[in-house]
Amino acid sequence: MLTAKVGMNNEEIYRSYADELTRYATGLVGPFDATDVVTDGCLKAFNAKSWPDVTNRRAYLYRAVFSVAQDHHRSTLSRRLREMKTAKPEAVLPQYVDIDVLRAIDRLSLQQRAAVVLTYWNDLPLEEVADRMGISTGAVKSHLARARKRLQEWLR
Amino acid sequence: MNPGDEKKLKDLTDRLMAMSPEPPPFPEETVVTSSGNQTRRTSPFLVFAGAAAVVLLAIGIPFLFFDNEPPVAAPDTTTSTTSTVTTLGETTTTIPGETTTTSDGQIPIAGDAIVYLAQSPENSFTGNPALVAFATPAFGPPDTDLTLYALQLLAPVDVPISAPDGFFSAVPEGVEIYSARIAEGAPNAVILEMSETFLDGSGTGLLGDFTMLNQLIYTATQHPDIDEVQFIVNNQPVTEFGTEGLDLSGSVNRETFRDELNLINITQPVMFNSDGLPVVEGISNTFEATVFLQIVNNGSIDYTDFTTATCGSGCWGDFSFSLDTPALNEDSLIWVLSESAEDGQPQFVVVIPVSPTGTWDFSGGFTN
């Protein structure tokens, strides 16, 4: 995995993290809007007054992406799923869409999605998940526990 | 947790990640600004999107108060005059004539939102927390709901906002505001759909509960057409809230819990009139309706003024100061206060920090 180095400009930093941020955003809002969320989140971060002083830029970008997902796309995935449900029968879903997975994820709050994605996709330790989410390890545990509860059907 | 569940969750995320699209291209800069590298607008009055704003915008005075220069589009961006849509739930108000500047793939900034923060009570010399309005630039597409944006800053899920010194949000971590929508049949009322955690109140006692409610109510009613708030949890009215089990099943407004606030509160962000002079507006319930204002620079009082509110000595009134001095800098503090009828000591003091741009960046509340 690429890591941004001191002295990199924004474009270089972006290229270092764009792929993982896009995957993270996919976990938060689904595949349809992930690129928009990454674009907005990175712009938000790059334009923040505090950006030049940020030391952990990866964590900052993760939180910026989360923040944008939270602000503007809270119900986007649900809406997309509803649209799919009401679409004409002849409408064919893109091949890459795994509707069962999206329905399962849609049951989770944004925080729960973030906690699940960071924990199980990246295999990150609790502390690192907490750092990228900007919350305590206790809060991460709480989100994971609630997520498991909401995913009971999936886990059965 | 059993290993089987771990495996299934891993499988779930792997399948989710398999749907991930290609990363978008590097976002080129989008500039909607009047100076420097800032990429945000600075007029808090765009928040209100009221009739006056419509008229003023239409005749081409886009930045009245904080910024005397018109926005300048950056090179390589596409500037188009389009309608900005301000929504609150299902109601849509269109403001014609506002110019937005975009480049491919970029989403312009929506405008400024008003957040009501609570002043730490020890600053007032007397007790209850005061509310102070702060303008903050909102990030998002033109249809960003500024009211919801502001409310969610008060209840930042796991991302604390960086409040100015001496201020805080009484809305505790874990409370979520899912939506803000206009009530059916009551166009002046906004329904706030809250998470279940809202029912627990502030977690800091009855005064904290009242402060939390006042913050939410004032922030939710920042749009001039909205003056009532209804709270719902799981689609049900809230009948028991916080420490004392307050019944919030009916509509509440800015007056409902007003007596639980400091007796001086600042209801509009500090703004500058067309002459560049500061204007401070609020509500008070002070002795003989007298309200004093001081500008304090580095500990010394450089300016004093007083005014009479529309009511006092037991009733709430409105007050407004139009200062005839521009003697403000980013280190200035504006003190708004009353004096004790008994001994002339300061009472109900509200200490307002000054932002050179008139707005506060609450979006960068990240810690590293």
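**Helix crossing and sheet packing in chains A and B**

Let me begin with the two chains together: helix 1 of chain A passes helix 1 of chain B in a right-handed crossing. The contact between them is made by Arg23(A), Thr26(A) and Gly27(A) on the chain A helix, and by Thr13(B), Leu16(B) and Met17(B) on the chain B helix. Sorted by class, this contact of helix 1 of chain A with helix 1 of chain B has 2 nonpolar, 3 polar and 1 charged residues. I should say at this point that what we are looking at is a predicted model.

As for the geometry, helix 1 of chain A, residues 10-29, and helix 1 of chain B, residues 3-17, pack at an angle of about 110°, and their axes are 9 Å apart. Since angles of 65 to 115 degrees count as roughly perpendicular, these two helices are therefore roughly perpendicular to each other.

Now to the sheet in chain B, where 5 strands form an open sheet in the order 10-11-12-13-14, with mixed pairing. Its edges are strand 10 (177-183) and strand 14 (246-248) of chain B, each of which pairs on one side only. On average, and with direction ignored, neighbouring strands of this sheet are turned by 40° against each other. Within the sheet, strand 12 (residues 228-233) and strand 13 (residues 236-241) of chain B run antiparallel and are joined by 2 bridges, and Val233(B) stands opposite Gln236(B) of strand 13.

Finally, the helices against the sheet: helix 3 of chain B, residues 146-154, lies across strand 10 and strand 11, running at about 145° to strand 10. Helix 4 of chain B, residues 206-220, lies across strand 10, strand 11, strand 12, strand 13 and strand 14, and runs at about 130° to strand 11.

Key: Residues numbered from 1 in each chain as written. Chains lettered and ligands numbered in written order. Predicted model: local features only at pLDDT ≥ 70, side-chain atom pairs only at ≥ 80, totals over all residues. Axes fitted to C-alpha atoms, helices over the stretch in contact; angles between N-to-C directions. Helix = DSSP H or I, 4+ residues; strand = E, 2+ residues; numbered from the N terminus. Parallel < 35°, antiparallel > 145°, perpendicular 65-115°, else oblique. Left-handed = near helix turned anticlockwise from the far one by under 90°. Contact = placed C-beta atoms within 7 Å. Nonpolar A, V, L, I, M, F, W, Y, C, P; charged D, E, K, R; others polar. Pairing = 2+ DSSP bridges.
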